[in-house]
Amino acid sequence: MTINLVTKYQSTPLKGVITIPADKSIAHRSLIIGSLTGGKIKISNYSSSADCISTLNIIKNLGAEIEFLDEKTLLLDAKNCFMAPNTSLDCGNSGTSMRLLSGICAGQKFSSELIGDISLSRRPMARVIKPLELMGAKIFSNDNKAPLKFEPSNLCGIDYVSNIASAQVKSCILLAGLNAQGETSVVEPYLSRNHTELMLKFFNADIKCVDNKTVIRKSNLEPKNLDVVGDISSASFFIVATLLVPNSEIIIKNVGINQTRSGIIDVLFKMGANIEILDKKNVCMEDVADIKIKYTENLKPVTIEGSIIPRLIDELPIIAVLLTQANGTSIVKDASDLRNKESDRIKLVVTQLKKMGCDIEETNDGFIINGKSELKGECDFEIAHDHRLAMSLFVASLVTEKSSVINGFEWVNTSFPTFLNCMSDLGVNA
């Protein structure tokens, strides 16, 4: 059902304590890698997002038994994984599902097909097809886009040097390497998020990581129970909302602050944002903490580039909203891969923020923002099926006195179906 959400001005501060949903990236991997153990695993705090449910349904179609013990806890029995599916494996809108599962499907003794919705079917898959074919995979695609059809293949290890820092590409190759003869290595220009490597280590895989290089061999994974930490990408919307709405102060519990994902925290400190990291600990090899945020009036401009980009690529739309309120010129560059997300995020961020009166200029690999902008309402926003853009525009609209309309807001369900509920818990007029 299409939802065209009418935004409301937030006249009162955000106050309270919330726990944000499970990290999608880790939730995907918990089922995908857990299914490779061939044993029984309890996964606590699994994500209810549509993307992660797509992964769950695919793993079931490949022969696993999955039982929910409660709303967020499931029992995975992978004893009968992997069996030939009797239907296409539908990834929905999830690029993570398609790219990671390509590494699994490529080395099986049966045929399979990965499909996706209209948005996912437009996204580039050559970045995973190429290395998998070098390993010996037999893949048929629609001009390097979904659907992806896999024929039975015997894989051999490769030494792959990637020209982009992409956790999805790296993970795909490493998962294929688990079922390949010999050694497989991946080298990246910068270190991308490392949830796959950490989880493979957690399950006792034969894997070594040094700087930007990861090496893996065939391994017998040991089944272990797993807790999924909270999603820093989801937390980012509440962090920025608190920084922007006067007199706000909140605490977000159980946020994953993995060093390869916490680039937004580094940026916020550089901007002079009033945030604190509390009660830091480690859960299943992932760093996690509570984050305390207070409204900050005078934010400094920043330049975001280079090796930090893979550490905050998903947060750049909401960071762009924050940069419009910094006192000076901010620059985002080296982020051309934003054009290959659910939408061309560079173009969409620029065009939609311009509607609000922001002084923002599109570049080939990012944007330039001149702050501080007075954000205006009475906008008609188009999000092009992009959940992160929808939530970013919602946050921006909290400080506009006149209402706007965000068309297609239902796409938020792909990653964060309880977004508005969490906002309401903090006193937002959602």
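Here is a friendly exchange about the pockets and nonpolar cores of this predicted model.

Student: Which element gives the largest share of the lining of the largest pocket?

Tutor: Good place to begin: this pocket has a volume of about 740 Å³. Of its 41 lining residues, the closest to the centre are Ala 165, Ser 166, Ile 313, Asp 337 and Lys 341. Helix 1 (24-35), helix 3 (95-105), helix 5 (167-177) and helix 11 (387-397) are the elements that give two or more residues to the lining. The largest share, 4 residues, comes from helix 1.

Student: By class, how many charged residues are in the lining of the largest pocket?

Tutor: Let's go through the classes. The lining has 9 nonpolar and 15 polar residues. The charged residues number 17.

Student: And how many residues of the lining of the second largest pocket are nonpolar?

Tutor: About 490 Å³ of space lies in that pocket. Its lining has 25 residues, and Leu 244, Gln 325, Leu 375, Val 399 and Thr 400 are the closest to the centre. Alongside 8 polar and 7 charged residues, the number of nonpolar ones is 10.

Student: Which helix gives the most to the largest nonpolar core?

Tutor: Nonpolar side chains tend to be buried together in soluble globular proteins. Here the largest core has 78 residues, and Phe 238, Ile 252, Ile 304, Phe 367 and Phe 419 have the most contacts inside it. Beyond its neighbours within four places in sequence, Phe 367 is in contact with residues including Leu 316, Val 332, Ile 346 and Glu 361. With 9 residues, the element that gives the most is helix 7 (residues 232-244).

Student: How many residues does the second, separate core have?

Tutor: Leu 56, Leu 62, Leu 101 and Leu 174 are among them. The count for this second core is 67 residues.

Note on methods. Residues are numbered from 1 along each chain as its sequence is written. This is a predicted model: local features need pLDDT of at least 70, side-chain atom pairs count only at pLDDT 80 or more; totals for chains, interfaces and linings use all residues. Side-chain values use heavy atoms; hydrogens and water are left out. On a 1 Å grid over the protein atoms alone, a cavity is a set of points where a 1.4 Å probe fits but cannot get out, and a pocket is an open set with protein on both sides within 12 Å along at least five of seven lines; lining residues have an atom within 4 Å of a point. Grid points are joined across faces, edges and corners, and a volume is the space filled by probe spheres set on the points. Ala, Val, Leu, Ile, Met, Phe, Trp, Tyr, Cys and Pro count as nonpolar, Asp, Glu, Lys and Arg as charged, and the others, Gly among them, as polar. A nonpolar core is a set of buried Ala, Val, Leu, Ile, Met, Phe, Trp, Tyr and Cys residues joined through side-chain atoms within 4.5 Å. Buried means under 20% relative accessible area, exposed over 50%, partly exposed in between (1.4 Å probe, protein chains only). Contact means heavy atoms within 4.5 Å.
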